[in-house]
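Visitor: Could you take me in for a close look at one part of this model, and then carry on outward from there? I'd like to see how the residues you pick out relate to one another.

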Amino acid sequence: MKGLRSINKSNRKKRGIALIMVLLVVVVLVTLAGGFAANMKVEAVLARNMGSERDLDWVCRSGVELARYLVGQQMSIALEPYDSLNQRWAGGPGGQGSTNAVFSGISLSPIEGQSALMDFLSPDENNGVSVKIEIVDMERRFNLNRVADKLFGRRFAMEKALEFSGCPNVEVGGIVDSVWDWFDADSSTGLNGAESSQYQDMGYVAKNGPFDDLSELLLLKGMRPEWFYGTKGNMEKTLRGRGPMLVDDEYRPGMEELFSTVSSGYININTASEYVLQLLESIDRPLAQAIIRIRAGADEIDGTDDDQPFRSVAELANVGFTRNMILDAQNLLSVRSTVFEVKVTAQKDGRKRVYVALFYRVSPTDVKILHSHWN
Ligand SMILES: [Ca+2]
Ligand SMILES: [Ca+2]
């Protein structure tokens with residue numbers, strides 16, 4: 001009896017071990033299957049992301065081509081011998097000559113009864129791609145290389161820009177001299193400027209050539225980031241939880257809002273801000289505001305139906321420009337723009353692509369891409 005019980009006991013023990021082993025195998029299999037399923041899910045997501053990435057790439061490229069077309073076609077409208085903020089390329093409702101234009105049915109922002117550019121890019125509403133196209137002319141800003149060229153004699157523009165930025169008066173002269181030294185071909189240091197010898201410790205040399213990018217200003221002796229970025233830059237930094245908080249509520253335009261490095265060299269009085277207009281010695285604040293009041297029309301808002309853009313620089317006589325002032329202004333001001341920057345933002349499946357391109361408009365059919373890059 002005792003022996004039989006012991007055999008039974010040993011059998012039960014064996015069965016117990018077998019059961020544990022079976023359970024272990026099941027656990028391993030379940031884990032493997034789970035891992036496999038997870039892998040499959042990752043693969044599927046990757047495949048979908050690659051698909052949407054490809055879609056976004058091509059939507060962005062198409063957006064740039066559409067913007068090119070829009071900027072070119074604007075030039076062919078005889079009734080509008082100017083570039084202004086109420087026109088389609090700028091996101092406006094279209095000027096007086098736009099109704100007969102080829103692109104009359106296209107708009108950067110949706111208008112009732114008209115298609116937005118977006119619809120052309122993505123005719124299938126369920127496709128789920130959202131596109132935003134923003135075009136900015138470079139002539140709404142002062143060309144930094146004209147200011148940096150001392151032979152051109154526009155020192156005032158940089159002084160005024162630094163004054164806007166909150167840079168103390170005692171620092172202004174040194175920074176303007178440094179801008180000139182950075183640009184001029186020689187290596188002899190201006191009064192308070194800086195050439196390569198002064199930048200050695202920082203590990204770089206003076207450019208001794210034109211500015212290619214505005215951020216070069218940050219390399220200059222005496223320049224501080226808060227003067228370069230202005231209020232907007234400070235606010236962006238503050239939002240991201242780093243950088244200095246605003247010291248007061250006063251708005252200060254950053255260098256990016258005032259200058260460009262690639263443009264025709266003229267400032268377009270139909271697109272420039274009141275701050276940019278004031279970079280000219282002959283235009284004070286009341287005059288700058290008067291220019292904007294006239295072009296913005298009755299509602300005093302730029303880029304709306306009632307806008308009255310200037311058709312020529314000579315029309316500045318309407319805001320009190322004397323004949324001599326107009327003669328001087330013709331060297332610096334224009335009602336046309338030549339270089340445009342387009343930024344295309346496309347989003348799908350929670351993914352985002354941003355493509356930026358710079359155009360040089362020669363004629364309605366010749367709009368050259370100077371460069372393009374993914375942001
Ligand atoms: Ca130099
Ligand atoms: Ca208006």
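Guide: Let's start with Asp 307, which counts as buried at 8% relative accessibility (buried is under 20% relative accessible area, exposed over 50% and partly exposed in between, with a 1.4 Å probe and protein chains only). Please keep in mind that this is a predicted model, where local features need pLDDT of at least 70, side-chain atom pairs need 80 or more, and totals for chains, interfaces and linings use all residues. Residues are numbered from 1 along each chain as written, chains are lettered from A and ligands numbered from 1 in written order, and side-chain values use heavy atoms without hydrogens or water.

What does Asp 307 do at the calcium ion (ligand 2)? Its OD atom is one of the protein donors there, together with Ala 296 (O), Asp 299 (OD), Ile 301 (O), Thr 304 (OG1) and Asp 306 (OD). These donors lie 2.1 to 2.4 Å from the ion (donors are N, O and S atoms within 2.8 Å of the metal, or 3.2 Å for Na, K and Ca; water is not among the atoms, so sites may look incomplete). The site is octahedral, and the angles among its six donor atoms run from 81 to 177° (six donors count as octahedral if opposite ones are over 155 degrees apart and all others between 65 and 115). Read along the sequence, the donor residues follow the spacing A-x2-D-x1-I-x2-T-x1-D-D. Ala 296 and Asp 307, eleven residues apart, link distant parts of the chain: Ala 296 belongs to helix H10 (residues 285-296), whereas Asp 307 sits in the loop between H10 and helix H11 (323-329). Helices (H or I, at least four residues) and strands (E, at least two) are DSSP runs numbered from the N terminus. Like Asp 307, Ala 296 is buried, with a relative accessible area of 1%.

While you are in that loop between H10 and H11, you will also find Gly 320. Gly 320 is partly exposed, at 49% relative accessible area. Between Gly 320 and Leu 287 there are 8.2 Å from C-alpha to C-alpha, with the two 33 residues apart in sequence.

Now for the calcium ion (ligand 1). Its protein donors are Asp 181 (O), Asp 184 (O and OD), Asp 186 (O), Glu 195 (OE, listed twice) and Asn 208 (OD1), at 2.2 to 2.6 Å. Their spacing along the chain is D-x2-D-x1-D-x8-E-x12-N. Asp 184 and Glu 195, eleven residues apart, both sit in the loop between helix H5 (169-183) and helix H6 (196-199). Asp 184 is buried at 9% relative accessibility, and Glu 195 is buried at 1%.

Moving on from the ions, let's turn to the charged pairs. The whole structure holds 18 salt bridges (a side-chain nitrogen of Lys or Arg within 4 Å of a carboxyl oxygen of Asp or Glu). One of them joins Lys 348 to Asp 55, with the closest N and O atoms 2.7 Å apart. Lys 348 lies in strand E8 (residues 339-348) and Asp 55 in helix H1 (residues 2-74), so this pair ties together parts that are 293 residues apart in sequence. Lys 348 counts as buried at 13% relative accessibility, whereas Asp 55 is partly exposed at 29%.

Helix H1 also supplies Asp 57, whose salt bridge with Arg 353 has its closest N and O atoms 2.9 Å apart. Here Arg 353 comes from strand E9 (residues 351-363), and the two partners are 296 residues apart. Asp 57 is buried at 16% relative accessibility, while Arg 353 is partly exposed at 22%. There is a network of salt bridges too, linking Asp 83, Arg 336 and Arg 361.

For a more local pair, look at Glu 159 and Arg 155, whose side chains meet in a salt bridge at 3.0 Å, N to O. These residues are four apart in helix H4 (residues 155-165), and therefore separated by about one helical turn. Glu 159 is partly exposed at 29% relative accessible area, and Arg 155 is partly exposed at 22%. Elsewhere in H4, Ala 157, Met 158, Lys 160, Ala 161, Leu 162, Phe 164 and Ser 165 are buried. Just after H4 comes Gly 166, with a positive phi of about 95°.

Conventions: Four donors count as tetrahedral if all angles lie between 85 and 135 degrees; four count as square planar and six as octahedral if opposite donors are over 155 degrees apart and all others between 65 and 115; anything else is irregular.
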